[in-house]
Amino acid sequence: STSKMLVQYNAGGIARGTVDSMGLRLIRNDTEILGRRRYAYQSAPSGNSNIHPCPITVNFLDEPNTAEPITYKVQVQIETSNGTAGWQINTTAAAPTSIGTPAVATMVVMEIAG
């Protein structure tokens with residue numbers, strides 16, 4: 001119950017057109033432990049059909065103070081004003097990989113003994 005948990009989350013996002021931001025929250029069981037973070041990035045020029053990457057990386061040290069089972073999850077939100085955006089969770093699409101954005105999201109949780 002005195003252990004800490006290091007949560008590492010990596011995913012990719014892509015945008016086509018004018019995009020404002022992508023947001024992420026980290027949840028432990030039913031409790032928000034990391035409030036919504038915005039990942040803003042340079043927008044594509046209006047009418048630009050190129051795909052632009054938006055890699056997402058989160059490292060969070062949690063102190064759950066429990067011996068009960070723990071479940072971690074993320075909640076994501078896309079805010080777009082004029083374009084197409086996507087959060088790359090698990091995809092085999094060629095475009096995200098070809099521009100260097102992870103096509104498969106990963107979450108690694110490591111227990112650090114207290």
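This report describes the fold, the nonpolar core and one strand residue of a predicted model.

## Basis of the model

Local features require pLDDT of at least 70 and side-chain atom pairs count only at pLDDT 80 or more, whereas totals for chains, interfaces and linings use all residues. Residues are numbered from 1 along each chain as its sequence is written, and side-chain values use heavy atoms, with hydrogens and water left out.

## Overall fold

The protein chain contains one helix and five strands, taken as DSSP runs (helices H or I, at least four residues; strands E, at least two) numbered from the N terminus. Their order from the N terminus is β-β-β-β-α-β.

Of the 114 residues in the protein chain, 33% are buried (under 20% relative accessible area; exposed is over 50% and partly exposed in between, with a 1.4 Å probe and protein chains only). Among contacts (heavy atoms within 4.5 Å) with a separation of 6 or more, 76% join residues 24 or more positions apart.

## Nonpolar core

The largest nonpolar core (buried Ala, Val, Leu, Ile, Met, Phe, Trp, Tyr and Cys residues joined through side-chain atoms within 4.5 Å) has 16 residues. Two or more residues each come from β1 (4-28), β2 (31-40), β3 (52-62) and β4 (72-88); the largest share, seven residues, is from β1.

W87 is among the residues with the most contacts inside this core. Beyond its neighbours within four places in sequence, W87 contacts residues including Y9, M22, L24, I56, V76 and I78.

## Residue I112

I112 lies in strand β5 (residues 106-112). I112 is classed as partly exposed because its relative accessibility is 39%. Leaving out residues up to four places away in sequence, I112 touches S3, K4, L6 and L61.
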